[in-house]
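Reader: I'd like to go through this one with you and ask what stands behind each label. Can you put it up first?

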Amino acid sequence: MQTNRLFDIIYILLNQERITAKALSARCEVSIRTIYRDIDRLSQAGIPIYTQKGAGGGVGLLSDFVLNKVLLDQKERETVLQALETMAAVNIETTTVDVLQKLSAFFGKISEPWLAIDLSTWYETSDQCFDLLKRAIFDTKCVRFNYFNSKGDISTREVEPMQLVFKSMNWYLKGYCLTKSDFRLFKLSRMTSLIISSQQFTRREMVTTTRPFVDSREIETVHLVMEVAAAVGYRVYDDFPVDSISKLASGYLLVDGEFPKGKWLISYILSLGEAAKVLSPTSLKKELVEKVESMRQLYHEQTND
């Protein structure tokens, strides 16, 4: 198409100071006469394009040319580029990188993207799972996978995928579970054997009041006060809000705040081993003592066998 060719000509000229009409015709796969007609159209449109005859001549743009600032102001141009950089970071569309490069040249800004997302883990890659879900969401195709719940039970789920969500350092799939006839939230790291089915679906209105999307006000919390050795501070700062952590004169860190109550909290504190000491509440300390005693008894029995 002529419009795409004109766009390509400008892009080529933005990336090199000068090029011959013959080279342009070869790049665009049209005749030299067509290239000269395109140059005339660009010039009439206000693009500062020029031709220079003789040795070292060719077609070029004025050195200070960028896309007319009347179209978009600086803030708007940055917003467009940031949006495209975000899309490119999560590979929303394969053509995004090319578009980003071209618009960056038009806006007179060639720089490293402000955002980079690596979907892989230290143990295995999840980017293939992410790409399959992304494709299913865009194509409105159902997906099927095996899923491990928090208790380790496995079940096969068929889901209408609606949204990929990044929350609390993890990726989740939000969608309508046909197996459970309800909206659910699935952790990508717990999925196996993911496939896209041939079944098409019509997007449902998103509901956020069902079980997977729990209102934080309904979660029972506990006021935790805990001393933690600075040696494991990297874990504390990763897992607790910064404003709930303070440094003591002894060098230890003090964690003080409201946190969701449950088995995960017990498990987390135990995982810190001798580096953590719960100061309050007393009920949590008793639970920890009972758990440690249960573990001690388990190993005591094994060593006596």
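Author: Sure, one definition before anything else: buried means under 20% relative accessible area, exposed over 50%, and partly exposed in between, with a 1.4 Å probe and protein chains only. This is a predicted model, where local features need pLDDT of at least 70 and side-chain atom pairs count only at pLDDT 80 or more, while totals for chains, interfaces and linings use all residues. Residues are numbered from 1 along each chain as its sequence is written, and side-chain values use heavy atoms, with hydrogens and water left out.

Reader: Why is Phe130 called buried?

Author: Its relative accessible area is 3%, and the cut-off is under 20%, so Phe130 counts as buried. Trp171 comes out at 18%, which is also under 20%, so the label is buried again. Across the protein chain, buried residues make up 34% of the 305 residues.

Reader: What makes Phe130 and Trp171 an aromatic pair?

Author: Rings of Phe, Tyr and Trp (its six-membered ring) pair if their centres lie within 6.5 Å; planes under 30 degrees apart are stacked, over 60 edge-to-face, and the rest tilted. By this rule the count comes to 9 aromatic pairs. Phe130 and Trp171 sit 4.9 Å centre to centre with 75° between the planes, so they pair edge-to-face. Phe130 is in helix H6 (residues 127–139) and Trp171 in strand S6 (residues 170–177), 41 residues apart, so the pair links distant parts of the chain. Helices (H or I, at least four residues) and strands (E, at least two) are DSSP runs, numbered from the N terminus.

Reader: How do you know that Arg204 lies over the face of Tyr176?

Author: The rule wants NZ of Lys or CZ of Arg within 6 Å of the ring centre and within 35 degrees of the ring normal. Arg204 is at 3.7 Å from the ring centre of Tyr176, so the distance part is met.

Reader: What puts the buried residues of H3 on the same side?

Author: The buried residues of H3 are Thr34, Ile35, Asp38, Ile39 and Leu42. They cover an arc of only 145° around the axis, so they lie on the same side of H3; the arc is that of the directions from the helix axis to the C-beta atoms. The face turned away from that buried side carries the exposed residues Arg33 and Gln44.

Reader: And what is the span of H3 set against?

Author: The expected span is 1.5 Å times one less than the number of residues. H3 (residues 32–44) has 13 residues and reaches 19 Å from its first C-alpha to its last, close to the 18 Å expected.
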